[in-house]
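Welcome, and thanks for taking a look at this model with us. Have the sequence and the structure open side by side as you read, and let us walk through the charged pairs, the nonpolar interior and the cysteines.

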Amino acid sequence: MTLATVIDGKIAAASVIEAVKVAAGGLETETGVRTGLAVVIVGDDPASHAYVNSKSKMAKECGFKSIQHTLPAETTQGELAGLVQSLNEDPSIHGILVQLPLPKHLDSDAIIQSIRPEKDVDGLHVVNAGKLATGDLATGLISCTPAGAMLLVRRIHGEDLSGLNAVVIGRSNLFGKPMAQLLLNANATVTTAHSRTKDLAAVARTADILVAAVGRPEMVKADWIKPGATVIDVGINRIAAPERGEGKSRLVGDVAYVEASDVAAAITPVPGGVGPMTIAMLMANTVIAAHRAAGKQLPKF
């Protein structure tokens, strides 16, 4: 039996970043407009700081004007809202990203919805979510992780998914719903499954394209997968790895990768699959927002 093709997110992300650099450089040469990204982080969550630092670093690498606002954990709702408002009004900033989760005393939804939709490079504003839901992929900004996962699907199946069954396990606003809508927009027949789905394994087995985003380590087993399917694993879970030594851990996805690789035709690894795509698509959204603000033709990714 041949092992599944490994869908390498690092290679795909690198090609997106290359295209972003070209687009950002071209815009600056033609119009003098330098693409600007502002990242806001509140509090001292180490994982959030690691994410934010990698986003800021990548923005600089792409030639963007990159601004980071690091606020103390005790920042008030009014202070944070005021900062977002000032970034909304700053013409040199094309993308605003508020790192989630925010400290518990802050209303994160109110903050996200206060970002102007055209600067909402995370694609979480109801206007951007609504545009995607109604099939308007031309004028909104699409949530980064589903956009990246979709790009990986296209690398295997091309632009048109007519005649293919897709199953998305997970119905979150952050990923599951937008992913299902992107697949539907590409003409796949889409089922959104979740924790309340009856006989989830049987539903998963109908999928030519199976997307797992449930946050449960290695839940999707080989017998959940239709032979020859494409498997996109969005999960990132840290589990104990005593074989590596006491107190050691490793990252796994929502799919039991080793056994699934015997059945699937193509599969994303964890890490190194969908993960690298998220930051790449964030950069892509930012440069798209800058082109729109300058009234220029949009780059393709």
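## Salt bridges

Searching the whole structure turns up six salt bridges. Please keep in mind that this is a predicted model. One of the bridges brings together the side chains of Glu30 and Lys296, with an N to O distance of 3.0 Å. Distant parts of the chain are linked by this pair: Glu30 belongs to helix 1 (residues 9-31), while Lys296 sits in the segment after helix 10 (275-293), 266 residues apart. Glu30 counts as exposed, because its relative accessibility is 56% and the cut-off for exposed is over 50%. Lys296, at 30% relative accessibility, is partly exposed.

Another bridge joins the side chains of Glu159 and Arg154, at 3.2 Å from N to O. Here Glu159 is exposed, with a relative accessibility of 61%, and Arg154 is partly exposed at 26%.

## Asp208 and its surroundings

Asp208 deserves a visit of its own. The side chains of Asp208 and Lys226 form a salt bridge with an N to O distance of 2.7 Å. This pair, too, links distant parts of the chain: Asp208 lies in the loop between helix 8 (200-204) and strand 7 (209-212), and Lys226 lies in the loop between strand 7 and strand 8 (230-233), 18 residues apart. Is Asp208 buried or exposed? Asp208 counts as buried, because its relative accessibility of 17% falls under the 20% limit. Its partner Lys226 is partly exposed, at 30%.

Salt bridges with shared partners also tie Glu18, Lys21 and Glu61 into one network.

Coming back to Asp208, its side chain is in polar contact with the side chain of Lys226, at 2.7 Å. Leaving aside residues up to four places away in sequence, Asp208 touches Gly163, Leu164, Asn165, Lys226, Ala229 and Thr230.

## The nonpolar interior

How many residues does the largest nonpolar core have? This core has 53 residues, and those with the most contacts inside it are Phe64, Leu161, Met179, Leu183, Val211, Ile232 and Met283. Two or more residues each come from helix 1, strand 2 (36-42), helix 2 (46-61), helix 6 (144-157), strand 5 (165-169), helix 7 (176-185), strand 7 and helix 10. Helix 10 gives the largest share, nine residues.

Phe64 is a good place to center your view. Setting aside residues up to four places away in sequence, Phe64 touches Val20, Ala24, Arg34, Thr35, Leu37, Ala59, Met283, Thr286 and Val287. Another core lies apart from the largest one; this other core has 20 residues, among them Ile169, Ala201, Ala212 and Ala264.

## Cysteines

How many disulfides does a search of the whole structure find? The search finds zero disulfides. Cys62 is in no disulfide, and the nearest cysteine sulfur, that of Cys144, is 13 Å away. Cys62 is buried, because its relative accessibility is 4% and buried means under 20%.

The view from Cys144 matches: Cys144 is in no disulfide, and its nearest cysteine sulfur, that of Cys62, is 13 Å away. Cys144 is likewise buried, with a relative accessible area of 4%. Since a disulfide requires sulfur atoms within 2.5 Å, the 13 Å between the sulfurs of Cys62 and Cys144 lies outside that limit.

Definitions and conventions: Residues numbered from 1 in each chain as written. Predicted model: local features only at pLDDT ≥ 70, side-chain atom pairs only at ≥ 80, totals over all residues. Heavy atoms only, no water. Salt bridge = Lys/Arg side-chain N within 4 Å of Asp/Glu carboxyl O. Helix = DSSP H or I, 4+ residues; strand = E, 2+ residues; numbered from the N terminus. Buried < 20%, exposed > 50% of the residue type's maximum accessible area, 1.4 Å probe, protein only. Polar contact = N/O pair within 3.5 Å; in protein donor to acceptor, adjacent residues only side chain to side chain. Contact = heavy atoms within 4.5 Å. Core = buried A, V, L, I, M, F, W, Y, C linked by side-chain atoms within 4.5 Å.
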